[in-house]
Amino acid sequence: MGRYIVYGGKKLFGTVDIHGSKNAALPILCACIINSGINIIHNCPKITDVFNTCKILQMAGCTIKWENSTVIVDSSKAKFIEIGEDITSKMRSSIIFMGAFCGRFKKAVVSKPGGCKIGKRPLDIHIEALKNMGVVIDESNNCFVCDAKKLKSAEINLRFPSVGATENIMLVAAFADGKTVIKNAAVEPETMALAEFLNQIGVNTVCGDNVITICKKCDFCNAEYSIIPDRIEAGTFMAACACSGGEIFLKNADAHNMGSVIDAFDSMGSKIEFCGNGIYFKAPDSIIPQNIKTGIYPNFPTDMQPQIMAVLTLARGKSVVIESMFENRFNHAIEFNKMGANIEIDGKMAIIKGVKELYPKETMAFDLRGGAGLIMAALSCNGMSIINGSTYIKRGYENIEKSISGLGGIIKYEN
Ligand code: UD1
């Protein structure tokens with residue numbers, strides 16, 4: 001396992017390029033298998049989760065070709081495979097192949113997925129929805145064995161707007177006779193991006209107020225699509241700058257889907273301006289404490305919770321962060337405390353009493369965004385910090401060391 005070495009205490013200045021969104025790229029790559037054709041996907045982030053998704057596509061007979069940040073997926077010769085634990089254990093989003101395979105091959109065998117250990121993360125909503133669509137699912141040996149020969153469209157009312165479940169249903173619905181309606185659907189920007197891609201390949205997908213309607217497609221077409229900028233990566237660099245001080249330009253960041261994150265940084269005292277092709281961000285002189293609660297879009301994203309907590313450890317008073325999405329997403333707080341932060345955890349609530357400074361330490365990333373938060377914290381302190389568990393961070397950030405170095409921060413990756 002590699003690690004990051006950060007020499008903190010330097011303000012960040014300059015421009016950072018925001019890459020394509022991980023959470024948009026992953027389901028869109030899965031969706032490439034459903035159209036039996038050529039899919040040209042621009043602005044695809046070069047991160048481990050994307051490489052692993054491409055690996056599954058390749059194992060399933062697709063050809064993958066990279067040209068800079070464009071990936072070309074030819075799925076015309078795709079074939080059924082069983083998706084085993086060796087790969088599903090690496091990322092949770094592998095479960096979206098269940099919908100894609102049930103559609104294209106009328107069957108799927110997918111081992112239960114892994115991913116970040118941030119809570120129980122059940123899959124009951126996915127399973128119940130697919131069953132409602134006529135898919136027979138046998139859950140044995142840590143594996144979902146699906147028979148979709150009797151696939152049918154349905155009206156599905158999700159008990160919770162799960163992002164992954166919404167995306168799984170959208171993919172399988174492209175093959176179900178008639179019209180599938182998902183009520184209480186996830187309407188995160190990344191799900192909307194998948195809807196846009198489906199429309200590109202010829203699947204009529206209409207998104208309304210928490211309702212997504214998908215009609216069966218008879219002829220698919222080739223597609224060319226550009227992945228939306230990563231709102232979480234953009235927010236992460238805002239947090240980096242807020243921790244270290246300085247002023248940066250987030251090139252390609254899209255303010256439209258970052259409302260709650262921008263509001264939080266704004267209330268902290270940051271200066272934020274929107275330009276044609278990005279966002280200008282100036283760190284607060286003194287960080288104003290905040291009360292933040294994570295929630296479904298457009299509320300504050302759970303994927304930004306650790307990074308904002310890193311900033312709030314340095315605020316001039318008491319902040320409260322409530323994690324309402326996942327039960328166990330505060331592992332980073334223990335690591336922040338090792339660096340001198342004052343955080344108390346009480347169930348889903350973290351009470352953060354701001355301290356003047358954090359101290360360099362050796363810490364451990366336990367999940368992707370928590371790991372990013374540890375890098376943010378390390379950037380704030382004078383001296384050398386070590387962040388172990390880089391594998392998590394590489395799942396979702398393309399060359400984070402290069403981006404931070406480009407802003408004048410001192411960080412290196414050691415394998
Ligand atoms: C996606 C994102 C992840 C983000 C999360 C919440 C991708 C690849 N991942 O994950 O980065 O943190 O949305 O915004 O896009 N739930 C159930 N039963 C289910 C499914 C979910 O109870 O069948 C619960 C989960 O335990 C969790 C909540 O619903 O408490 C949200 O999960 P979900 O929206 O499904 O997240 P993911 O799709 O896994």
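Guide: In this predicted model, a polar side-chain atom of Arg-92 lies 2.9 Å from an oxygen atom of the ligand.

Visitor: How do I read such a distance, and which other side chain has a polar atom at 3.1 Å from a ligand oxygen?

Guide: A pair of N or O atoms within 3.5 Å is read as a polar contact. Arg-121 supplies the other case, with a polar side-chain atom 3.1 Å from an oxygen atom of the ligand. The backbone takes part too: a polar backbone atom of Ile-125 is 2.8 Å from a ligand oxygen.

Visitor: How much of the ligand's accessible area does the protein cover?

Guide: On its own, the ligand has 750 Å² of accessible area, and the protein covers 89% of that. The ligand sits in the largest pocket.

Visitor: Which residues around the ligand come nearest?

Guide: A residue joins the shell if one of its heavy atoms lies within 4 Å of the ligand. There are 19 such residues, and those that come nearest are Ile-125, Ser-162, Gly-164, Asp-303 and Met-325.

Visitor: What kinds of residues make up the shell?

Guide: Seven are nonpolar, six are polar and six are charged.

Visitor: Which helix gives the largest share of the shell?

Guide: That is α5, with three residues. Both α5, spanning 124–132, and α6, spanning 163–173, supply at least two shell residues each.

Visitor: Which domains does the shell draw on?

Guide: Domain 1 (3–19 + 229–414) and domain 2 (22–226) each contribute at least three residues to the shell around the ligand.

Conventions
Residues are numbered from 1 along each chain as its sequence is written. This is a predicted model: local features need pLDDT of at least 70, side-chain atom pairs count only at pLDDT 80 or more; totals for chains, interfaces and linings use all residues. Side-chain values use heavy atoms; hydrogens and water are left out. A polar contact is a pair of N or O atoms within 3.5 Å; within protein, one must be able to donate a hydrogen and the other to accept it, and residues adjacent in sequence count only if both atoms are side-chain atoms. Accessible areas come from the Shrake-Rupley method with a 1.4 Å probe; for residues, only the protein chains shown count as cover. On a 1 Å grid over the protein atoms alone, a cavity is a set of points where a 1.4 Å probe fits but cannot get out, and a pocket is an open set with protein on both sides within 12 Å along at least five of seven lines; lining residues have an atom within 4 Å of a point. A molecule sits in a cavity or pocket if more than half of its atoms lie within 2 Å of its grid points. Helices (H or I, at least four residues) and strands (E, at least two) are DSSP runs, numbered from the N terminus. Ala, Val, Leu, Ile, Met, Phe, Trp, Tyr, Cys and Pro count as nonpolar, Asp, Glu, Lys and Arg as charged, and the others, Gly among them, as polar. Domain bounds come from an automatic or database domain assignment.
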